[in-house]
Amino acid sequence: MRRLLIITAFGAIATLAGGLWVTRPLTVDADTVSAIEGNAAAGEMVFALGSCASCHTSPDGDKAVLAGGREFTTDFGTFVAPNISPDMLNGIGNWSQVDFFNALRQGTSPDGKHYFPAFPYASYARMTDTDVANLWAYMATLPSSDQPSQSHRLTFPFNMRAGVGVWKALYFRTAFVQPAGDTERGRYLAEAIGHCAECHTPRTALGGLQNNRWMAGAPDPSGKGKTPGLSPAQLKWSADDIAYYLETGLTPDFDSAGGGMAAVIEGTSKLPPEDRAAIAAYIKALPATE
Amino acid sequence: MKFLLTLALSATIAATASTAFAGGHDGNPAVTARKAHMQIYQHNLTILGNMVRGNADYDAAAAQAAADNMVILTTLNQSTYWIPGTTNAELGDETRTLPAIFESGSTAREIGGQLAAATVALAAVASDGVEAIGPALGPVGASCTACHRPYRISRN
């Protein structure tokens with residue numbers, strides 16, 4: 001019943017939203033952005049912590065090629081990750097740096113449409129200009145694949161990109177969620193590049209993060225199991241324990257991480273130790289929600 | 001010596017397993033046995049990991065024994081408790097094993113081989129001091145994670 005209501009409401013709004021000004025796809029300032037010079041070597045860390053590869057590599061292909069094809073089954077239907085390798089025809093090799101900024105910062109495609117938030121741009125949008133430009137420079141060095149991107153298989157009305165404009169109006173906020181405290185770097189790594197909340201924070205029926213239950217644990221986006229809550233009321237680990245886990249995947253009682261967290265640790269294991277310590281400090285400073 | 005150790009450890013595992021069976025659980029015996037196998041990995045990894053993290057003093061004999069145990073564990077024949085029909089699709093919350101582990105294209109055997117190699121490398125340096133164990137523990141933990149990533153559901 002609740003689901004039917006959601007579908008009806010979403011459908012009606014999506015139809016309207018097509019013509020609405022508040023829900024139009026936004027773009028970045030092209031002049032500012034095209035002038036930024038990226039550094040590929042520095043972008044490797046952004047790519048690793050963002051775990052772009054965990055979604056964009058082919059499920060049965062080379063681990064270094066962003067050929068796409070991985071499927072994500074959600075309440076709204078099945079999303080298929082696109083090819084984002086530097087291939088000119090089937091990848092994003094013909095994009096400009098401005099196109100890339102629009103995708104990560106605004107969730108807007110080169111042809112001016114909304115991206116679905118299954119692509120976690122709502123977190124990546126908090127990245128600095130420098131990190132986005134570095135990431136773009138790094139991705140251009142990766143191997144190409146000519147595998148065409150596949151269409152998503154979404155149920156009506158969720159297949160309407162215009163409806164994402166409503167989602168954005170409701171939930172897309174690039175301000176940081178938690179106060180900086182003395183962990184500004186940790187907050188940046190966790191809330192922007194590391195997109196921890198995309199998995200660890202519960203969502204509303206329309207798929208927005210519940211900021212008042214930040215990192216309180218949620219159904220696993222893979223559709224299987226749950227992600228653990230990380231607020232201090234839930235996670236009793238010390239900051240050292242958290243940093244060690246982000247380095248090695250080993251818990252304080254020496255179990256090892258699994259599921260979606262393994263991809264995150266592949267990234268955090270490559271960070272300098274002070275960055276892992278910063279993320280740990282951020283987790284320890286979270287408000288105590290359940 | 002190694003042979004004696006193997007014997008002793010096999011006896012311990014048999015005892016652990018049969019206690020678990022005799023414990024009156026109605027649980028699926030394959031699930032009980034593989035969890036026991038995992039717990040003994042964890043037990044030995046804890047001994048080594050606590051030395052590396054500085055939570056315990058380095059003790060060469062204890063480190064070597066724990067590393068040897070890990071090697072031996074990887075050589076046990078586990079085929080009677082990794083069997084299709086005993087995943088969370090059939091047994092629900094009793095097990096965290098996902099069906100993919102038994103499906104075509106499963107990489108579990110390969111990962112088991114990587115873990116075996118990593119434990120041999122660990123045992124080769126376990127008596128050489130805590131600085132030697134740290135780096136050798138990395139590939140061991142990475143092999144555990146490599147298997148938990150696709151084949152173990154996150155906790156409920």
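**Figure 1. Sequence-distant contacts in chain A of the predicted model.** Take the contacts of chain A between residues at least 6 apart in sequence: 64% of them join residues at least 24 apart. The secondary structure of this chain comes to 13 helices and five strands. Its C-alpha trace spans about 50 × 50 × 40 Å along the principal axes. The radius of gyration is 19 Å, which agrees with the value near 19 Å for a compact globule of 290 residues. Of these 290 residues, 50% count as buried.

**Figure 2. Surface and charges of chain A.** The accessible surface comes to about 13,500 Å². Carbon and sulfur atoms account for 58% of that area. Chain A carries 22 positive and 28 negative charges. The mean positions of the two sets lie 10 Å apart.

**Figure 3. Helix α13 of chain A and its cover.** Helix α13 covers residues 273-284, 12 residues in total. From first C-alpha to last it reaches 17 Å, close to the 16 Å expected at 1.5 Å a residue. Its buried residues are A:D275, A:R276, A:A278, A:I279, A:A280, A:Y282 and A:I283. In an α-helix, residues three or four places apart point the same way, because there are 3.6 residues a turn. The cover over the buried residues of α13 includes α9, α11 (239-248) and α12 (261-268) of chain A.

**Figure 4. A:T183 and A:A175 in the loop between α8 and α9 of chain A.** A:T183 sits in this loop, which runs between α8 (161-171) and α9 (184-193). A:T183 has a relative accessible area of 11%, so it is buried, the cut-off being under 20%. Beyond its neighbours within four places in sequence, A:T183 is in contact with A:A278, A:A281 and A:Y282. Of these partners, A:A278 and A:Y282 are among the buried residues of α13. A:A175 lies in the loop between α8 and α9 as well. A:A175 is exposed, because its relative accessible area is 52% and the cut-off is over 50%. The C-alpha atoms of A:A175 and A:G163 are separated by 22 Å. Along the chain, these two residues are 12 residues apart.

**Figure 5. The cis peptide bond at A:P157.** The bond from A:F156 to A:P157 is cis, with omega near 5°. Most peptide bonds are trans. A:P157 is found in the loop between β3 (153-154) and α8 of chain A.

**Figure 6. Positive phi at A:H195 and A:F254.** Most residues other than glycine have a negative phi. A:H195 has a positive phi, near 40°. This histidine is found in the loop between α9 and α10 (197-200) of chain A. At 11% relative accessibility, A:H195 counts as buried. A:F254 also has a positive phi, near 60°. Its place is the loop between α11 and α12 of chain A. A:F254 is buried, with a relative accessible area of 2%.

**Figure 7. Helices and contacts of chain B.** Chain B has six helices and zero strands. From the N terminus on, its elements run α-α-α-α-α-α. Buried residues make up 37% of its 156 residues. Among contacts in chain B with a separation of 6 or more, 70% are between residues 24 or more positions apart. Chain B exposes about 8,100 Å², and carbon and sulfur atoms supply 60% of this area.

Key. Residues numbered from 1 in each chain as written. Chains lettered and ligands numbered in written order. Predicted model: local features only at pLDDT ≥ 70, side-chain atom pairs only at ≥ 80, totals over all residues. Heavy atoms only, no water. Helix = DSSP H or I, 4+ residues; strand = E, 2+ residues; numbered from the N terminus. Rg over C-alpha atoms; globule rule 2.2 N^0.38 Å. Buried < 20%, exposed > 50% of the residue type's maximum accessible area, 1.4 Å probe, protein only. Contact = heavy atoms within 4.5 Å. Areas by Shrake-Rupley, 256 points an atom, 1.4 Å probe, with all protein chains shown as cover. Lys, Arg positive; Asp, Glu negative; His and termini not counted. Charge placed at Lys NZ, Arg CZ, Asp CG, Glu CD. Expected span 1.5 Å × (residues − 1).
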